[in-house]
Amino acid sequence: MGSTDGTGTPAGAGAGKQERPGPGSEGGRTLNAFSHAFLVLWAVLAAGPLLWAVMNSFKSSGAILEDPWSLPSKLHWENWSFAWNEANIGQYTVNSLIVVAGSVSGTMLLGSMVAYVLARYDFPGNRLVYFLFVGGMAFPIIVALVPLFFVMKNFALLDTYHGLILVYIAYSLPFTVFFMAAFFRTLPASIAEAAEIDGASHSRIFFQVMLPMAKPGLISVGIFNFLGQWNQYLIPQVVHVGDPDKYVLTQGLANLAAQTGYRGNWGGLFAGLTLAVLPILVVYVVFQRQVQAGLTAGALK
């Protein structure tokens, strides 16, 4: 018979176990302090440049050059008026909204349809098609700029909204298919089988059954596509080169930065940068919970 301690537990049973430091222990407090310090540093690095740009957007050019880190002594709202009207940031923002709205909608529709077929149906070449899309994520866009220009020129798509929308869709499809295919695989197949037994067609099963179930994933990848297409600069420089009235926001900001070097209107430049960032902040704040739910839904299932 083995010896036991006073509680009935075999002697030496816990000798080989090492307890983790609890929240109230010295090690736990040290780890907690380190984690909070890292989060504070990360928040400063992420929000600091944005707050600095907003602060300088209300200062005159002279005040910015004299002391770029000081608070504005007077709010210069004319910087925002200059950026929106004279620098045409308002028109460029509208152009970007038109292009991104069309391209994100097309990307999500086509990408989710392709991903659903690749995730749910077995056919010859399924894996080949899937890996072709996955390989597209590793293809550097800068390599395709020259061929892209001549293709767009031959199809008379240069300096057109729909031409840029088509390029954005093609550029974003690989990541969308990769993300959504993995998400569709986590959805229960029994629901689709039950709908098929009830006589629903393949298209009806997709649009009325499976697509609503994939809403968290759609929102997540849709926001990623929105951010990537909103901040895209190289592609518009190739596709939109002849008509300044159709420039998107990134091109407009580049022109404003070039003009600022001659005019010295640094306050207007910072106002334009702030206006370009605002839509991104609004989208993230509105859909923050949906993004987190979409990224964790696959793991939870």
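Begin this tour of a predicted model with helices α8 and α9, whose crossing is right-handed. Select residues 189–197 for α8 and 202–213 for α9; the two helices pack at an angle of about 145 degrees, and their axes lie 10 Å apart. To display the contact, show I191, A192, A195 and E196 on the α8 side, together with H202, I205, V209, M210 and M213 on the α9 side. By class, the residues of this contact comprise seven nonpolar, one polar and one charged.

**Helix α9 and its surroundings**

Keep α9 selected. Its twelve residues reach 15 Å from the first C-alpha to the last, close to the 16 Å expected at 1.5 Å a residue. Next, colour I205, F206, V209, M210 and L211, the buried residues of α9. The cover over these buried residues includes α4 (89–120), α7 (161–186), α8 and α10 (215–230). The spacing of positions along a helix is worth recalling here: an α-helix has 3.6 residues a turn, so residues three or four places apart point the same way.

**Aromatic pairs**

Now display the aromatic side chains; the model holds 15 aromatic pairs. Select Y92 and Y247 from these: the ring centres are 6.4 Å apart and the planes stand at 35 degrees, so this pair is tilted. Y92 belongs to helix α4, while Y247 sits in the loop between α11 (234–239) and α12 (249–263), so the pair ties together parts that are 155 residues apart in sequence. Both Y92 and Y247 are buried.

Move then to Y116 and Y121, an edge-to-face aromatic pair with 5.9 Å from centre to centre and 80 degrees between the planes. How do the two partners compare in exposure? Y116 has a relative accessibility of 5% and therefore counts as buried, whereas Y121, at 28%, counts as partly exposed. Extend the selection to F184, F206 and F207, which ring pairs link with Y116 and Y121 into a cluster. Within this cluster, F206 is also one of the buried residues of α9.

**The loop between α6 and α7**

Finally, go to the loop between α6 (145–154) and α7, and select A156. Its backbone deserves inspection, for most residues other than glycine have a negative phi. A156, although not a glycine, has a positive phi of about 55 degrees. The relative accessible area of A156 is 60%, so this residue is exposed. Select D159 as the last stop; it lies in the loop between α6 and α7. D159 is likewise not a glycine, yet has a positive phi of about 60 degrees.

Notes:
Residues are numbered from 1 along each chain as its sequence is written. This is a predicted model: local features need pLDDT of at least 70, side-chain atom pairs count only at pLDDT 80 or more; totals for chains, interfaces and linings use all residues. Side-chain values use heavy atoms; hydrogens and water are left out. Axes are lines fitted to C-alpha atoms, for helices over the stretch in contact, and angles run from 0 to 180 degrees between N-to-C directions. Helices (H or I, at least four residues) and strands (E, at least two) are DSSP runs, numbered from the N terminus. A crossing is left-handed if the near helix is turned anticlockwise from the far one by less than a right angle, and right-handed if clockwise. Contact means heavy atoms within 4.5 Å. Ala, Val, Leu, Ile, Met, Phe, Trp, Tyr, Cys and Pro count as nonpolar, Asp, Glu, Lys and Arg as charged, and the others, Gly among them, as polar. The expected span of a helix is 1.5 Å times one less than its number of residues. Buried means under 20% relative accessible area, exposed over 50%, partly exposed in between (1.4 Å probe, protein chains only). Rings of Phe, Tyr and Trp (its six-membered ring) pair if their centres lie within 6.5 Å; planes under 30 degrees apart count as stacked, over 60 as edge-to-face and the rest as tilted.
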